[in-house]
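Work through the exercises below with the sequence and the model side by side. Try each task before reading its solution.

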Amino acid sequence: MTQSESPAELQTTNTDAWAQLSGDYERARGREDSLDRMVEWPAQRGMLGDVSGRSILDLGCGNGGKIAELVRDGAAESVGVDISGNFVADPPVGLQLLRADLSVPQAIPELTGRRFDRILFLQSFGYAADPVATLVSARDLLTDDGFILLTRTQPIRYAVERMEQNGTSLGEEYFAGGTHFHVSGWNDGIALAKRTYTISDLLNIFAAAGLRVEAAAEPQLSEEDARRLPHKKAWLDKHLGILIFRLRPVAAAG
């Protein structure tokens, strides 16, 4: 992957890769020591709060397992969108699963005229062809009191990886810019093209999309799980984990 490749070319590359990786991701998530199961998903649920009676749109929903769980827990009519189309076989009543690109949610015909109380980008936002445009499109699908829950991998994780590969420093790689290949932890035969980003990049994207950060979290293992699974504790100590943001539209000046 070169820095001269366009966002559209990058998106096509990762779309093809995700179609192959989606099954590997679900198998990894099913493991007893999955950080998604132990750390990320519980933290995401906590940031979502009570979903009873809330309509939810999950953009980049994978197989739809998480949005299905939310519907079973009382969420109202909800939708999951994923480019792979490898969905759970028995979605609950009230859940619609769509094979589509998350980059412009308003362009998905089945979402026309709909509004949602909660919109999720759970580790999927990096696949958006134009991050600001995608968030603007999602923002316009929110109800008046709705919010977006967005998670991203700590950018330090990729900077550490590149530092070790290139024999450079953490600071050099954190601020390097451009794109790089990241070998998937779910399948070491597949590499994803990753745009580098910093935390300030994320905050600026949110601001440009007319969103404010209402709350943020950096979830870690519980003390009990850290003692029980020292290899996972060591991984998190080195790579830090994920960032979770609850985003609301900026109020119009009155």
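The exercises go from the whole chain to its cavities, and then to single residues.

This is a predicted model, in which local features need pLDDT of at least 70, side-chain atom pairs count only at pLDDT 80 or more, and totals for chains, interfaces and linings use all residues. Residues are numbered from 1 along each chain as its sequence is written, and side-chain values use heavy atoms, with hydrogens and water left out.

**Exercise 1. The whole chain**

Task: State how many helices and strands the chain has, and what share of its residues is buried.

Solution.
- Step 1. Take the helices (H or I, at least four residues) and strands (E, at least two) as DSSP runs, numbered from the N terminus. The chain has nine helices and nine strands.
- Step 2. Buried means under 20% relative accessible area, exposed over 50%, and partly exposed in between (1.4 Å probe, protein chains only). Of the 254 residues, 49% are buried.
- Step 3. Look at contacts, meaning heavy atoms within 4.5 Å. Among those between residues at least 6 apart in sequence, 65% join residues at least 24 apart.

**Exercise 2. The largest cavity**

Task: Find which residues line the largest cavity, and which element gives the most to the lining.

Solution.
- Step 1. Set the terms. On a 1 Å grid over the protein atoms alone, a cavity is a set of points where a 1.4 Å probe fits but cannot get out; lining residues have an atom within 4 Å of a point. Grid points are joined across faces, edges and corners, and a volume is the space filled by probe spheres set on the points.
- Step 2. Search the whole structure. Two cavities of 30 Å³ or more turn up. The largest has a volume of about 50 Å³.
- Step 3. List its lining: Pro 155, Tyr 158, Ala 159, Arg 162, Glu 173, Tyr 174, His 180, Lys 194, Arg 195, Thr 196 and Tyr 197.
- Step 4. Assign elements. α5 (155-166), α6 (170-174) and β7 each give two or more residues to this lining. α5 gives the most, with four.
- Step 5. Sort by class. Ala, Val, Leu, Ile, Met, Phe, Trp, Tyr, Cys and Pro count as nonpolar, Asp, Glu, Lys and Arg as charged, and the others, Gly among them, as polar. The lining of the largest cavity has five nonpolar, two polar and four charged residues.

**Exercise 3. The second largest cavity**

Task: Describe the lining of the second largest cavity.

Solution.
- Step 1. This cavity holds about 30 Å³ of space.
- Step 2. Leu 35, Val 39, Glu 40, Pro 219, Leu 236, Gly 241 and Ile 242 line it.
- Step 3. Helix α2 (residues 35-48) gives the most, with three residues.
- Step 4. By class, the lining has five nonpolar, one polar and one charged residues.

**Exercise 4. Two residues in one loop**

Task: Place Thr 196 and Tyr 197, and say what each one touches.

Solution.
- Step 1. Thr 196 sits in the loop between β7 (191-195) and α7 (199-208). Tyr 197 is in the loop between β7 and α7.
- Step 2. Thr 196 counts as buried because its relative accessible area is 17%. Tyr 197 is buried too, at 9%.
- Step 3. Neighbours within four places in sequence are set aside. Thr 196 then contacts Arg 162, Ala 176, Gly 177, Gly 178, His 180 and Asp 201. For Tyr 197, the contacts include Arg 152, Pro 155, Tyr 174 and Leu 202.
- Step 4. Check polar contacts: pairs of N or O atoms within 3.5 Å, where within protein one must be able to donate a hydrogen and the other to accept it, and residues adjacent in sequence count only if both atoms are side-chain atoms. A polar side-chain atom of Thr 196 lies 3.3 Å from the backbone nitrogen of Gly 177. The side chain of Tyr 197 reaches the backbone oxygen of Thr 153 at 2.4 Å.

**Exercise 5. Positive phi**

Task: Is Gln 123 buried, partly exposed or exposed, and what is its phi?

Solution.
- Step 1. Most residues other than glycine have a negative phi.
- Step 2. Gln 123 has a positive phi, near 65 degrees. Gln 123 lies in the loop between β4 and α4.
- Step 3. Gln 123 is partly exposed because its relative accessibility is 30%.
- Step 4. Compare Leu 240, in the loop between α9 (230-239) and β9 (242-249). Its phi is positive, near 80 degrees.

Conventions:
On a 1 Å grid over the protein atoms alone, a cavity is a set of points where a 1.4 Å probe fits but cannot get out, and a pocket is an open set with protein on both sides within 12 Å along at least five of seven lines; lining residues have an atom within 4 Å of a point.
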